[in-house]
Amino acid sequence: MSSILRDDSYFNNETDFCKIFSDSVLQVVEDILLENRISYFIKEQDSSILARLFSNSKECRIVRINTRDIRRAVDLIYGIRGAEIICDEPKEDWSPKRKLLRLQQAGTDERYYGYERQAL
């Protein structure tokens, strides 16, 4: 029996969600994400040595979350001062159930659509 996973397979569902510039805002965002069971990862934003020397701004942190939690996290974090949301709106995952539901709402049934078309 062989596995469908190969050595070169790579699955990454994380995406950059927001930038945070202060420790107090970071604590608020962490508390909100934890209360709502959204897993996250915080990374320091890479900046060059010259940018560090000549900038007056504090260090920037980037919060990364799973792409499936983006919509819920945007609703929770939106409006917090000091947290800049940088992610794009995720594309909807295609699934047969959702396609069938859309077709049923439109008044057509996928199973009979092909047969009616051939009869015409």
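Let me begin with cysteine 60 and its sulfur. In this predicted model, the closest cysteine sulfur to that of cysteine 60 belongs to cysteine 18, at 9.1 Å. A disulfide is counted when two cysteine sulfur atoms lie within 2.5 Å, so the sulfur of cysteine 60 is too far from its closest partner for a bond. As for its surroundings, cysteine 60 is buried, with a relative accessible area of 10%.

Cysteine 87 is the next case. Its closest cysteine sulfur is again in cysteine 18, here at 8.2 Å, which is also too far for a bond. Cysteine 87 is buried too, its relative accessible area being 16%. For those new to the subject, a disulfide is a covalent bond joining the sulfur atoms of two cysteines. The count of disulfides in this structure is 0.

Allow me now to turn to the chain as a whole. How many helices and strands does the chain have? There are 5 helices and 4 strands. Following the sequence, their order is β-α-β-α-β-α-β-α-α; the pattern thus opens with a strand and ends with two helices.

Which contacts hold the larger share, once we consider those with a separation of 6 or more? Residues 24 or more positions apart account for 68% of these contacts in the chain.

Finally, I come to burial and surface. The chain has 120 residues, and 18% of them count as buried; cysteine 60 and cysteine 87 are among the buried residues. The area that the chain exposes is about 10300 Å², and carbon and sulfur atoms supply 51% of that area.

Conventions. Residues numbered from 1 in each chain as written. Predicted model: local features only at pLDDT ≥ 70, side-chain atom pairs only at ≥ 80, totals over all residues. Heavy atoms only, no water. Buried < 20%, exposed > 50% of the residue type's maximum accessible area, 1.4 Å probe, protein only. Contact = heavy atoms within 4.5 Å. Areas by Shrake-Rupley, 256 points an atom, 1.4 Å probe, with all protein chains shown as cover.
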